[in-house]
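Morning, everyone. I have one structure to walk through. Let me put it up.

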Amino acid sequence: MINKETIQTLTEEWLQGNDYFLVDINFAADDRIVIEIDHADGVWIEDCAELSRFLQERLGDELGEYELEVGSAGLGQPFKVAQQYQNHIGDTVEVLEANGKKVQGILKAVDGRNFTVTVQEKQKLEGKKRPTLVEIDKTYSMDEVEYAKYLLAFK
């Protein structure tokens with residue numbers, strides 16, 4: 001019987017010679033195995049096809065009735081692994097905090113399972129009558145936010 005660990009081991013074997021990284025493996029209810037990979041410069045369809053052929057060759061009959069689907073993590077989808085955060089340092093991201101509040105800002109840094117976003121907030125400054133927009137850094141744990149994702153900007 002095929003399992004997630006087998007798929008992960010084989011996928012990581014293929015990834016070793018590439019700049020890609022594994023984002024997720026999902027066994028869907030309709031007998032599909034969905035593998036998501038990512039790359040700092042985007043994912044090429046040819047590489048997805050190559051990984052799919054590699055897995056089909058290695059698994060052979062063990063794949064059985066499963067349909068194999070290899071693709072990119074998807075632009076604008078929530079980040080699932082730390083490497084996705086690394087790849088988007090300097091980009092605008094949206095964070096949904098555990099309390100339900102959405103914030104937008106520039107992803108500034110990633111340190112282990114924590115990441116820092118520079119956001120603009122209105123604050124009442126001493127000597128000023130009105131609140132002023134100031135940039136502050138907010139640090140989050142990847143495990144404690146609902147999601148963080150790259151925010152597409154059309155200018």
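I will take one helix, and then the cores. Keep in mind that this is a predicted model.

Start with helix 1, residues 4–15. Does its length hold up, and what span should we expect from 12 residues? At 1.5 Å a residue, they should span 16 Å. The end C-alpha atoms are 16 Å apart, so the two agree.

Now the burial pattern. I7, L10, T11, W14 and L15 are buried. Looking down the axis of helix 1, these buried residues fall within an arc of 140°, so they line one face. The general background is simple: an α-helix has 3.6 residues a turn, so residues three or four places apart point the same way. On the other side of helix 1, E5 and T9 are exposed.

What does the buried face pack against? Three elements: strand 1 (21–27), strand 2 (32–38) and helix 2 (45–59).

One detail at the start of helix 1. A side-chain oxygen of N3 comes to within 3.2 Å of the backbone nitrogen of E5.

On to the cores. The largest nonpolar core has 19 residues. I33, I35, I37, L51 and L55 have the most contacts inside it. Helix 1, strand 1, strand 2, helix 2 and strand 3 (67–72) each supply at least two residues. Helix 2 gives the most, with 5 residues.

Take L51. Setting aside neighbours within four places in sequence, L51 is in contact with T11, W14, I35, I37 and V70.

Apart from this core lies another, of 14 residues. Among them are F79, Y85, V110 and V145.

Note on methods
Residues numbered from 1 in each chain as written. Predicted model: local features only at pLDDT ≥ 70, side-chain atom pairs only at ≥ 80, totals over all residues. Heavy atoms only, no water. Helix = DSSP H or I, 4+ residues; strand = E, 2+ residues; numbered from the N terminus. Expected span 1.5 Å × (residues − 1). Buried < 20%, exposed > 50% of the residue type's maximum accessible area, 1.4 Å probe, protein only. Arc of directions from axis to C-beta. Contact = heavy atoms within 4.5 Å. Polar contact = N/O pair within 3.5 Å; in protein donor to acceptor, adjacent residues only side chain to side chain. Core = buried A, V, L, I, M, F, W, Y, C linked by side-chain atoms within 4.5 Å.
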